Amino acid sequence: MSILTPAAIPPALLQPSPFLDRLCKWLSTLVGTDQLIMLIQYSLEIVTHHMDVHTPTRLLYILNQHIPFLGTPKFSPAPSPSPVSTRLKTLSGKLADVRILLRLQGIIPTYQWLLATHASPPTDPTLATVAKLQTYANMLYFPLENAAYLASHEIIPMSKRTKTDLWLWSSRFWAAHVALELFRLYRQRQINRKGKEAGEASTDGWDKKWWGELLMNLAYAPQTIHWSIAGGVVRNIEIAYLGVTAAIASIYLGWRNL
């Protein structure tokens with residue numbers, strides 16, 4: 001049995017890595033951790049969905065019906081989820097729970113944001129109003145979600161009806177934030193366009209950031225509407241694909257800002 005010695009390790013693996021430095025810096029923030037967990041959570045939901053509907057098996061079944069030379073014996077897709085799918089669903093559910101748990105402290109930076117916005121609002125009156133309304137929406141969103149989460153874990157005594165109402169109203173205030181964010185992006189685009197017409201240059205970085213924020217909020221918007229209505233409006237798999245899209249966009253924005 002050979003022993004791995006330092007001399008046998010490729011030198012590149014022992015060199016300081018700027019990428020790892022940046023990755024650790026990103027993951028050291030709650031936002032970065034949430035973004036990574038969100039990507040894994042929704043990716044698992046997509047994977048388990050297709051495992052449960054047996055997409056590869058059904059495809060092979062259809063091909064076998066129309067292309068006899070495949071020589072595959074006739075079969076029917078299994079009716080029940082596989083044990084692997086069940087375990088991955090459990091992991092996805094735990095990750096979703098962790099994300100909400102990490103947001104319990106969200107009211108603190110939100111209050112700081114509110115104070116900063118009122119002390120130094122954006123120079124454009126419309127953007128100033130939007131920013132203030134967003135801080136109010138989030139100041140209501142976080143306490144409602146926190147209370148619903150703690151009640152769902154039986155930490156706070158609460159009736160099932162009240163818990164449901166808190167989840168719905170917290171999602172509605174999140175939906176208000178997203179709607180305001182989309183309007184903010186629209187207004188920023190207007191201001192940027194006027195700046196270009198006046199001969200003021202717009203950086204390529206500004207455009208990339210703007211499109212990233214637009215994509216992220218367009219992915220969030222249907223999710224917020226879905227969770228704001230009792231019973232929802234879209235399928236879970238669609239929520240998962242939207243979640244992955246929002247996660248990728250938010251990771252892009254968070255990574256480039258390091």
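**Entry 1. Salt bridges**

I counted the salt bridges first and arrived at ten. The model I worked on is a predicted one. Before going through individual pairs I noted the general point that side chains of opposite charge can pair when their charged atoms come close.

I looked up Lys-89 and found a salt bridge to Asp-52, with the closest N and O atoms 2.4 Å apart. Lys-89 belongs to helix α4 (residues 83-102) and Asp-52 to helix α2 (residues 30-52), so this pair ties together parts that are 37 residues apart in sequence. For Lys-89 I noted a relative accessible area of 40%, which makes the residue partly exposed.

**Entry 2. A bridge inside helix α7**

I then turned to Arg-161 and Asp-165, whose side chains meet in a salt bridge at 3.4 Å, N to O. Both residues lie in helix α7, four residues apart, or about one turn of the helix. I checked accessibility on each side of the bridge. Arg-161 is exposed, at 62% relative accessible area, while Asp-165 is partly exposed at 29%.

**Entry 3. Helix α7 to helix α8, charged**

Which residue does Glu-213 meet in a salt bridge? I found Arg-184 as the partner, with 3.1 Å from N to O. Glu-213 sits in helix α8 and Arg-184 in helix α7, so the pair ties together parts that are 29 residues apart in sequence.

Are the two residues buried or exposed? I read 10% relative accessible area for Glu-213, which is buried. Arg-184 has 14% relative accessibility and also counts as buried; the cut-off for buried is under 20%.

I followed the charges further and found a network of salt bridges that links Glu-181, Arg-184, Lys-209 and Glu-213.

**Entry 4. Aromatic pairs**

I moved on to the rings and counted nine aromatic pairs in the structure. One of them is Trp-174 with Tyr-220, an edge-to-face pair with 5.4 Å centre to centre and 65° between the planes. Trp-174 lies in helix α7 (residues 160-197) and Tyr-220 in helix α8 (residues 204-228), so the pair ties together parts that are 46 residues apart in sequence. I noted Trp-174 as buried at 19% relative accessibility, and Tyr-220 as buried at 14%.

I next checked Phe-183 and Tyr-186. Their ring centres are 6.1 Å apart and their planes stand at 40°, so I entered the pair as tilted. The two residues are three apart in helix α7, which means a separation of about one helical turn. Phe-183 is partly exposed at 39% relative accessibility, and Tyr-186 is partly exposed at 46%.

I also looked for rings grouped beyond a single pair. Phe-19, Trp-26 and Trp-255 form one aromatic cluster.

**Entry 5. Charges over rings**

Last, I looked for charged ends placed over aromatic rings. Where does the charged end of Arg-172 sit? I found it over the ring of Trp-169, 4.7 Å from the ring centre. I recorded a second case in Arg-189, whose charged end sits over the ring of Trp-210 at 4.4 Å from the centre.

**Entry 6. Recap**

For helices α7 and α8 I now have two links on file. One is the salt bridge between Arg-184 and Glu-213, which joins helix α7 to helix α8. The other is the edge-to-face pair of Trp-174 and Tyr-220, with Trp-174 in helix α7 and Tyr-220 in helix α8.

Technical notes: Residues are numbered from 1 along each chain as its sequence is written. This is a predicted model: local features need pLDDT of at least 70, side-chain atom pairs count only at pLDDT 80 or more; totals for chains, interfaces and linings use all residues. Side-chain values use heavy atoms; hydrogens and water are left out. Rings of Phe, Tyr and Trp (its six-membered ring) pair if their centres lie within 6.5 Å; planes under 30 degrees apart count as stacked, over 60 as edge-to-face and the rest as tilted. Buried means under 20% relative accessible area, exposed over 50%, partly exposed in between (1.4 Å probe, protein chains only). A charge sits over a ring if NZ of Lys or CZ of Arg is within 6 Å of the ring centre and within 35 degrees of the ring normal. A salt bridge is a side-chain nitrogen of Lys or Arg within 4 Å of a carboxyl oxygen of Asp or Glu.
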